[in-house]
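Student: Please take a close look at a single part of this model, and go through it piece by piece. I would like one connected account.

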Amino acid sequence: MPECRIGPARMVSEPVRSRSAALRPIAGLVMGLVFLFGGLATAAADSGFNAWVKGFRGEALAAGVSAQTFDRAFAGLTPDPEILDKASNQPEFVRPIGDYLNAAVTDSRIETGREKAQEWKSWLDRIESRFGVDRHVILAIWGMESTYGAVLDNPRIVRNVIRSLATLAYKGGKRRKFGKTQLIAALMILQRGDTIPARMTGSWAGAMGHTQFIPTTYNAYAVDIDSDGSRNIWTSIPDALASTANYLSESGWRTGETWGYEVLVPSTFDFAAADSDKSRTLAAWTRLGLRRTGGRSFPRPNDKATLMLPAGARGPAFLMLKNFRVIKRYNNADAYALAVGHLADRIRGGGTFERTWPADDPPISSRKAIREMQALLSKRGFDTGGVDGRIGPKTRRAIRAFQKQSGMIPDAYPSARLLDLLRSG
């Protein structure tokens, strides 16, 4: 029996080897053609990029970049095809804020933040004293932006900034202007001598270092707090943290104030007061019935704040102070600023939010869905200020008017349930 198995195996294997040998010349020809045409396509792409580089060189030199700096930065440079894909395929949908916060403010990130607070205590003392910015907020931004530098060792994330920005400036679609502006700023960084092209690394969109500064922000706010002669946000943690503190300070950070407070809203509350442009002192909000969670009082009752309901009346509510808007200068998203503030409080030793995020009625977050909601509200006679896919003050007022007319809590929350109700007629 073993010999019978061996015999057929030999009979089958011989023809296979013969067939493979016979096909080798054809396969070689096919592969040769693939490499030929692939090489021609690459050459064509490089030819277009090279032509763009020649044209851009004149613009850069006119902006003050030296020929030596430009030529050194662009030596052997090719466009990055993955960046073009990322630039043209940004997701339309955004996670609900509760999901975002759960992913951002993790036990690991909190614990590491506390460890970093001890490890860099002496530098944080100096930074906090010089710039007046809460160290826990600086740590939280570091954690949010690069997981305390951990992602800077990931080659799938970290890229050559000059290559990334040159690719965007070359064929980045709506990001071309951004790419060109940031590219010239990045070349000026090289010209100043703060780093060299090989060490100038960042995200695919050009955000650099431990706390992810884009080049124009770097040029305006980066500092050399360790006094080694360079503003090094890539490998000098003191420089990176101090640069972030300087940016927040120059953006209007108020020393001694926090970013905001979680509050409890009474059922009788007039939700029209939740419009983001209506600022009151914390004492005035207290007179309207709002209470800080945990039975705590406001330590600075005369600080002014606005009321924010990120998930509507059923979710957590917050009184946001000026420093919340300052954090948004870093990333103009409520979810991001809320995550930074909450992570800072957790690193400091604070607890979780008292109210949970509702999971059964997520917000609509795509531009397409928001436009549909605006169109349906407009059709019913509620002025949204246009159908642009953005939730602005007029759209919030239109939502609130419709909710009030429909017997709903008029919290201006653009939820999936609200859109379904509008669709149903």
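Tutor: Take the sheet, beginning at one of its edges: β4 and β6 run antiparallel and are joined by 2 bridges. Strands here are DSSP runs of E, at least two residues long, and helices are runs of H or I of at least four, both numbered from the N terminus; two strands pair if DSSP finds at least two bridges between them. The model is predicted, with pLDDT of at least 70 required for local features and 80 or more for side-chain atom pairs, while totals for chains, interfaces and linings use all residues. Residues are numbered from 1 along each chain as its sequence is written, and side-chain values use heavy atoms, leaving out hydrogens and water.

In the β4-β6 pair, Arg280 stands opposite Ala305 in β6. The whole sheet is open and has 5 strands, in the order β4-β6-β7-β3-β5, with antiparallel pairing. β4 (280-281) and β5 (291-292) are its edges; each has a single partner strand, so one side of each is left without a neighbour in the sheet.

Moving inward from β4, strand β6 (residues 304-308) has 4 of its 5 residues buried, so it is largely enclosed by the rest of the structure. Buried means under 20% relative accessible area, exposed over 50%, and partly exposed in between (1.4 Å probe, protein chains only). On its other pairing, β6 joins strand β7 (residues 317-320) through 3 bridges, in the antiparallel sense. Leu307 stands opposite Leu319 of β7, and Thr306 has Met320 of β7 as its bridge partner.

β7 itself is covered on both faces: Ala317 and Leu319 are buried on one side, and Phe318 and Met320 are buried on the other. β7 also pairs with β3, antiparallel, over 4 bridges. Met320 appears here again, as the bridge partner in β7 of Gly260. Strand β3 (residues 260-264) then pairs with β5 in the antiparallel sense over 2 bridges, with Leu264 standing opposite Arg291 in β5. That is the other edge of the sheet.

For the setting, consider the nonpolar cores, which are sets of buried Ala, Val, Leu, Ile, Met, Phe, Trp, Tyr and Cys residues joined through side-chain atoms within 4.5 Å. In the largest, of 86 residues, the members that touch the most others are Trp52, Phe74, Ile162, Leu183, Leu187 and Leu338. Helix α14 gives the most to this core, with 9 residues. A second, separate core has 17 residues, including Ala274, Leu290, Phe298 and Ala313.

A helix can be set beside the strands. In α7, 11 of the 12 residues are buried, so the helix is largely enclosed by the rest of the structure. Among those buried are Arg135, His136, Trp142 and Met144. Their cover includes α4 (97-104), α5 (107-119), α6 (121-131), α11 (237-250), α13 (322-327) and α14 (334-348), where contact means heavy atoms within 4.5 Å. After α7 comes Thr147, with a positive phi near 50°.
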